[in-house]
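Student: I've just opened this one and don't know my way around yet. Could you walk me through it?

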Amino acid sequence: MAAVTLTNVVKRFGVFEVVHGANIDIADGEFVVFVGPSGCGKSTLLRMIAGLEDISGGDIAIGGKVMNDVEAADRGIAMVFQSYALYPHMTVEQNLSFGLRMNGNPKADTERRVKRAAEILRIDELMQRRPKQLSGGQRQRVAIGRAIVREPQVFLFDEPLSNLDAELRVQMRVEISRLHKELGVTMIYVTHDQTEAMTLADRIVVLKAGNVEQIGAPLDLYDDPANRFVAGFIGSPKMNFLGAKVVDTSNSAAIIELVNHGGARLHKPLREAFPAIGAEVVLGVRPEHFFVAGQGDCDIPVKADVAEHLGSVSYVYANAGPEELILEREASRQRASGDHFTVSIKAERSLLFDKAGARIR
Amino acid sequence: MRTQNATAYRFLTPYLLIFAVFWIWPIISSFLISFQATRTVPWRFAPAFNWGRLIGDPAFYNALKNTLLILVIQVPVMIALAIVMAVLLNSPLLKARGLYRFAFFAPVVVGEVAYSAVFRLMFSLDFGIINKLLNSVGIPKIDWFSNVTPAMALIMIAVTWRWAGYNAIIILAGLQSIPEDVYEAATLDRVSKVKQFFHITLPLLKPVIVFCAVLSIIGTMQLFTEPFLITERGGPGGGTETLGLLLYRQGFRSLNFGYASAVAYTMAGLAIAITLVQLWLMREPK
């Protein structure tokens, strides 16, 4: 087990800088998820930790030792690849033991480790099969098993569930979570799926275009995002963003007018920054934070476009002027397509962002 | 569906007719001819005439021995060389890869007569560059065309030069189809590059190598150009005569079509038999 520290880590491909000075501290035994849209640099960052990509700048330390010039094989890590990367010509057993056999590990110890990995992942029955005779979920288990037999200090997962169907993904997510609890090893997991990030992580690192946007516990990111990008990326369905303008300020609040909702006004308490009168701002409201008319601080009329009733939860895709809103929970129940109704926003359940996307608190 | 099939067959008819007349009929006809004595007029049906002669003909055994010798030595050497070339061509460290790929493939597109003439010049006893190079490192001149062993070696060198690059390009395609992350996984498993080659690359290349080997076996069984043009019709004294050359000599020099047909069927039968054995040996474990 080991802590992982990234200090001002930079990655350039030729003249293109794709990771711009990432600073991340991962504690020993922690499960950290790198999440972000395609091309944000999350896999590149993981591959740099693994030693599969050179580091253009900064330092990567594992267990307190700087690893910049240490070969991938000597970093004490194991990686699970998106495509599983199993050796197609070997049986499951050979796949699991290959690395150990090639390094002259004692036979008895190799057998013990393979047996333990097989038991942990419940793949004992599959040991004599080849990868092409396995289902996607079974292959993923073997890939994780291959990482387990290495007994690494750090596990790296590069979008390991993205090739699986929805049901299997949920199942494997639970298995990976169980595995982390069982092994207690530091795990770094890359995904573009915020649900995976929210369900698995002790802490999430949100990345965008090579920059670390925010690091925090899943619910901290959900409840208190640092900027509009994190607010929009974390949470499903996405947060709604309503165009607004500051019409007045006081010592402790700003009065904003929702420009696309007939001049509806909201008294938004603030404690850190006070935007100028006339400044364009954006009000963020999560789908479940729309309330029945009159229960909040500001009512806006909407027209239901499409209503989705999923049983445990209902969503209404509503038009309110030029903005499309997604509503959830009580505000959306009993609504049908074409309904006109009014919803209410509570000031304390909404977030304010400036025009550039930075949070105004 | 039936109308569609009929239309398709109408479009295919011109080709099928040509195929039937120039491929299918000669195959059937030569099989029938192999059972006829063709040096009498008119030809007469004599089933044991050609096949019986084949079994006791020293010239046939000489050609068979030469062909199999080339097959056993040249094909493995060429395939091994092709694998090495393919690995080099696939290396990210190699500059001007496109140029090397072209250079390795170029021998296949060079005219057979031109390349044979150049080989004859290069290996000439007194004026050839090969003997001069050998001399310069203290090795005495070799008479490549007058002694059987050097002549056979020359044939093997020429065939290897001509086809190794071609096979390397096919193997290169196989190499490029091996996913990079398999090697990355092996690297993280602390497996050295050499061990990766023997335990990952070679096993995963097996289907491509089998394909190249089968093509090479078929090609070698039909070997004709090099012994005909470079060592002058299988010389010295039939020392490099192959089955292909024997067939030509019997069919088109002696006009003994019956015997030439029997030789042709023997060549095809051997090629199929060796290929089947090869495929069986290299089969995927269940």
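Student: How far apart do the C-alpha centres of domain 1 and domain 2 of chain A lie?
Tutor: Keep in mind that this is a predicted model. The domain assignment splits chain A into domain 1 (4–233) and domain 2 (240–360). Taking the C-alpha centres of these two domains of chain A, the spacing comes to 38 Å.

Student: Okay, and what area is buried between domain 1 and domain 2 of chain A?
Tutor: Start with who touches whom: 10 residues of domain 1 of chain A are in contact with nine residues of domain 2 of chain A. Carbon and sulfur atoms give 51% of the area buried there, and that area is about 840 Å².

Student: Which residues of domain 1 of chain A lose the most area to domain 2 of chain A?
Tutor: Three residues together make up 64% of what the domain 1 side of chain A buries. They are A:Tyr222, A:Arg228 and A:Ala231.

Student: Which residue forms a salt bridge with A:Asp224?
Tutor: The rule finds one salt bridge across this interface between domain 1 and domain 2 of chain A. A salt bridge needs a side-chain nitrogen within 4 Å of a carboxyl oxygen. For A:Asp224 the closest N and O atoms are 2.7 Å apart, and the partner is A:Arg359.

Student: Now the open sheet: which strands are at its edges?
Tutor: Its five strands in chain A run in the order β15-β19-β16-β17-β18, with antiparallel pairing. An edge strand pairs on one side only, and in chain A that fits β15 (290–292) and β18 (323–328).

Methods:
Residues are numbered from 1 along each chain as its sequence is written. Chains are lettered from A and ligands numbered from 1 in the order in which they are written. This is a predicted model: local features need pLDDT of at least 70, side-chain atom pairs count only at pLDDT 80 or more; totals for chains, interfaces and linings use all residues. Side-chain values use heavy atoms; hydrogens and water are left out. Two strands pair if DSSP finds at least two bridges between them. Helices (H or I, at least four residues) and strands (E, at least two) are DSSP runs, numbered from the N terminus. Domain bounds come from an automatic or database domain assignment. Contact means heavy atoms within 4.5 Å. Buried area is the accessible area (1.4 Å probe) that two parts lose on being put together, summed over both.
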